[in-house]
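Please look through the sequence and the model shown here before reading on. The paragraphs after it lead from one residue to its surroundings and then to other parts of the chain.

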Amino acid sequence: MSHGDGDHERYAHYVQKDKIMASALDGTPVVALCGKVWVPGRDPKKYPVCPMCKEIYESMGAGGDKDKGGKDGNKK
Ligand SMILES: [Zn+2]
């Protein structure tokens, strides 16, 4: 009946994969990229990705190669 657990239950946060594995084993909370302490025990696919986690994840440069574009300057 309690709804007081907060918004973090509604999002899937980004957490390092090995931390998720450890958490799955002993049920300890993990710290998501956005700083949220979170137990990723439930099906994350049911939830939208936490916007803050997503922003941090993208700013970390995962797949950021497309932004460079200056390397191949041989054309002209
Ligand atoms: Zn988050």
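**From one cysteine outward**

Leaving aside residues up to four places away in sequence, Cys53 touches His13, Tyr14, Ala32, Leu33 and Cys34. This is a predicted model, and Cys53 is a useful place to begin reading it.

Cys53 is one of the residues that coordinate the zinc ion, where its SG atom acts together with ND1 of His13, SG of Cys34 and SG of Cys50, at 1.9 to 2.4 Å. The angles among the 4 donor atoms run from 102 to 118 degrees, and the site is tetrahedral. Along the sequence, the donor residues follow the spacing H-x20-C-x15-C-x2-C. Among them, His13 belongs to the segment before α1 (17–26), while Cys50 sits in the loop between β2 (37–38) and α2 (51–59), so that this pair links distant parts of the chain, 37 residues apart. His13 counts as buried because its relative accessibility is 6%, under the limit of 20%, and Cys50, at 5%, counts as buried too.

Cys50 and Cys53 also belong to the largest nonpolar core, whose 6 residues include Val15, Val30, Ala32 and Trp38 as well.

Tyr14, named above as a contact of Cys53, leads to another feature, for the whole structure holds 1 aromatic pair. The ring centres of Tyr14 and Tyr57 are 4.8 Å apart and their planes meet at 70 degrees, so the pair is edge-to-face. Because Tyr14 lies in the segment before α1 and Tyr57 in helix α2, the pair ties together parts that are 43 residues apart in sequence. Tyr14 counts as partly exposed at 25% relative accessibility, and Tyr57 counts as partly exposed at 37%.

Terms used: Residues numbered from 1 in each chain as written. Predicted model: local features only at pLDDT ≥ 70, side-chain atom pairs only at ≥ 80, totals over all residues. Heavy atoms only, no water. Core = buried A, V, L, I, M, F, W, Y, C linked by side-chain atoms within 4.5 Å. Buried < 20%, exposed > 50% of the residue type's maximum accessible area, 1.4 Å probe, protein only. Contact = heavy atoms within 4.5 Å. Donors = N, O, S within 2.8 Å, 3.2 Å for Na, K, Ca; no water. Tetrahedral: all angles 85-135°; square planar, octahedral: opposite > 155°, others 65-115°. Helix = DSSP H or I, 4+ residues; strand = E, 2+ residues; numbered from the N terminus. Phe/Tyr/Trp six-rings, centres within 6.5 Å; stacked < 30°, edge-to-face > 60°.
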